[in-house]
Amino acid sequence: MVAFRPVRRGTLPWCAVPEMCDVWSAVLGFLTGRVGRVAAQSAVLTAVIGGTIAYSHVGKKVYLSVDGQSREVNVEAGTVRALLAAENLDVSDRDLVAPAPSTPLSSGDHVVVRFARQLVLTLDGRTQTYWTTELTVDQALTALGVHADGAELSSSRSQPIGRKGFNLTISTRKSVTIAADGVTRTVVTSAPTVGELLKEQGIALGAADRLSAVPATPVTEGMVLALTRITQTTVTVTEKVPYGSNKKKSATLDAGQTQVLTPGRNGSRTAVYAVLLANGQEVSRTLQSATVLTQPVDEVVAVGTKPVPAPSGGSSNVGGSVDSLNWAALAKCESGGNPRAVNPAGYYGLYQFSVSTWRSVGGSGNPIDAAPAEQTLRAKMLYQRGGARQWGCGQKLFS
């Protein structure tokens, strides 16, 4: 008796050539040697008595079994090879002939012929091609050492394997985790593909749903499958329409001064959005239509362009309480009291003006080129416009 090695899931034995394996029947090993041959003859005789067809001719009486179909023939052939030729049986190296073709024939001998069949086997998504002399799916799997208990087969185990070959798909049982519809569960399945698994579990896919693996993907041990339900809805909301701002030059206002001529006012509209949901959570929204309910009113701001003259006589007074603030303390904190101080970040002079801010209060050129009195005047004008927050050291003005 030939012992077959166990097969790990996804692999098969006796593959000397990739994708092509010769799988010989256990009968071949059983018939090896003279003793085995005699025993095999007895076994075959027992199997073929019922189907024996007798021919009354002179010559040797030989029992011939071809692919399980047995008959009794009278031949003059002296060897098994001559018998095969006489019976028009063309065999190849893959086919099983027992005893060997060179064996002399005697009356009462038993000859077994099994033609090899091509078996294309897909096991858990991996496909290999084998040659086997077994006659049914179950016999071939046994000879190959494929253990498929509880597995799903594409054909019955009793299915005959014809001379033209056969394609067989096997999916063994595997543990798979499925996350769908707010529930994560682990199942044991023999479904061959993701699509078959979903059908088995009663999970239907919507046209827009997203699956972590395409339905044709083979199911593998430990697979984690995630299903995201995609739905779309529409929502209608009322929202504001922001107003704009228009600026116009004013020659009556000093440079750097502004005045609101017309206050801005937001409008409102009704908007319809298409909202995309993934497992119930919004992931995007797209504006479909909008109807204005109230038109916005743009703000109109006058921006002064009137040049501010430089202080005469070196005076930096602007009048009022601004002159009484501690400008010296502010200058000391901002620039160390240096009218030509330069900060690499782009700030200049006693009060560390940027060039744009300096010009917004009527200054020209670079602040460090102006007299200290003019720098102080422009700082007071800036204070009048925006208060002490213009400087990081602004609180020093009140010390």
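In the predicted model, G264 has a relative accessibility of 25% and therefore counts as partly exposed, since the partly exposed class lies between the buried limit of under 20% and the exposed limit of over 50%. This glycine is located in the loop that joins β16 (258-262) to β17 (267-278). Leaving aside residues up to four places away in sequence, G264 is in contact with Y243, V297, D298 and E299. A separation of 9.6 Å was computed between the C-alpha atoms of G264 and N246, which are 18 residues apart along the chain.

The strand that follows this loop, β17 (267-278), belongs to an open sheet of 3 strands, arranged in the order β14-β17-β18 with antiparallel pairing. Strands β14 (230-241) and β18 (281-294) form the edges of the sheet, each pairing on one side only. On average, and with direction ignored, neighbouring strands of the sheet are turned by 20 degrees against each other. In general, the strands of a sheet pair through backbone hydrogen bonds, in either a parallel or an antiparallel manner.

The antiparallel pairing of β17 with β18 extends over 11 bridges. Within this pairing, V275 stands opposite R285 of β18, and R269 has V292 of β18 as its bridge partner. The two strands β17 and β18 constitute a hairpin with 2 residues between them. In the turn of this hairpin, N279 adopts a positive phi of about 50 degrees.

Considered as a whole, the chain contains 8 helices and 21 strands. Of its 399 residues, 39% are buried. Among contacts in the chain with a separation of 6 or more, 55% are made by residues 24 or more positions apart. The accessible surface of the chain amounts to about 21800 Å², and carbon and sulfur atoms account for 52% of this area.

Nonpolar side chains tend to be buried together in soluble globular proteins. In the present model, the largest nonpolar core comprises 20 residues, and those with the most contacts inside it are W327, L330, Y351, F353, Y383, W391 and L397. Helices α6 (327-335) and α8 (372-386) each contribute at least two residues to this core. The largest share, 5 residues, is supplied by α8. With residues up to four places away in sequence left out, W327 touches V322, Y351, T376, A379, K380, Y383, W391 and L397. A second core, separate from the one containing W327, consists of 16 residues, including L123, A140, L141 and F166.

A search of the whole structure identified 1 disulfide. It is formed by C333 and C393, whose sulfur atoms lie 2.0 Å apart. The torsion about the S-S bond of C333 and C393 is about -60 degrees, so the disulfide is left-handed. Distant parts of the chain are linked by this pair, with C333 in helix α6 and C393 in the segment after α8, 60 residues apart. Helix α6 thus appears both in the disulfide and among the contributors to the 20-residue core. Regarding accessibility, C333 counts as partly exposed because its relative accessibility is 34%, whereas C393, with a relative accessible area of 16%, is buried.

Note on methods: Residues numbered from 1 in each chain as written. Predicted model: local features only at pLDDT ≥ 70, side-chain atom pairs only at ≥ 80, totals over all residues. Heavy atoms only, no water. Helix = DSSP H or I, 4+ residues; strand = E, 2+ residues; numbered from the N terminus. Buried < 20%, exposed > 50% of the residue type's maximum accessible area, 1.4 Å probe, protein only. Contact = heavy atoms within 4.5 Å. Core = buried A, V, L, I, M, F, W, Y, C linked by side-chain atoms within 4.5 Å. Pairing = 2+ DSSP bridges. Axes fitted to C-alpha atoms, helices over the stretch in contact; angles between N-to-C directions. Areas by Shrake-Rupley, 256 points an atom, 1.4 Å probe, with all protein chains shown as cover. Disulfide = S-S within 2.5 Å.
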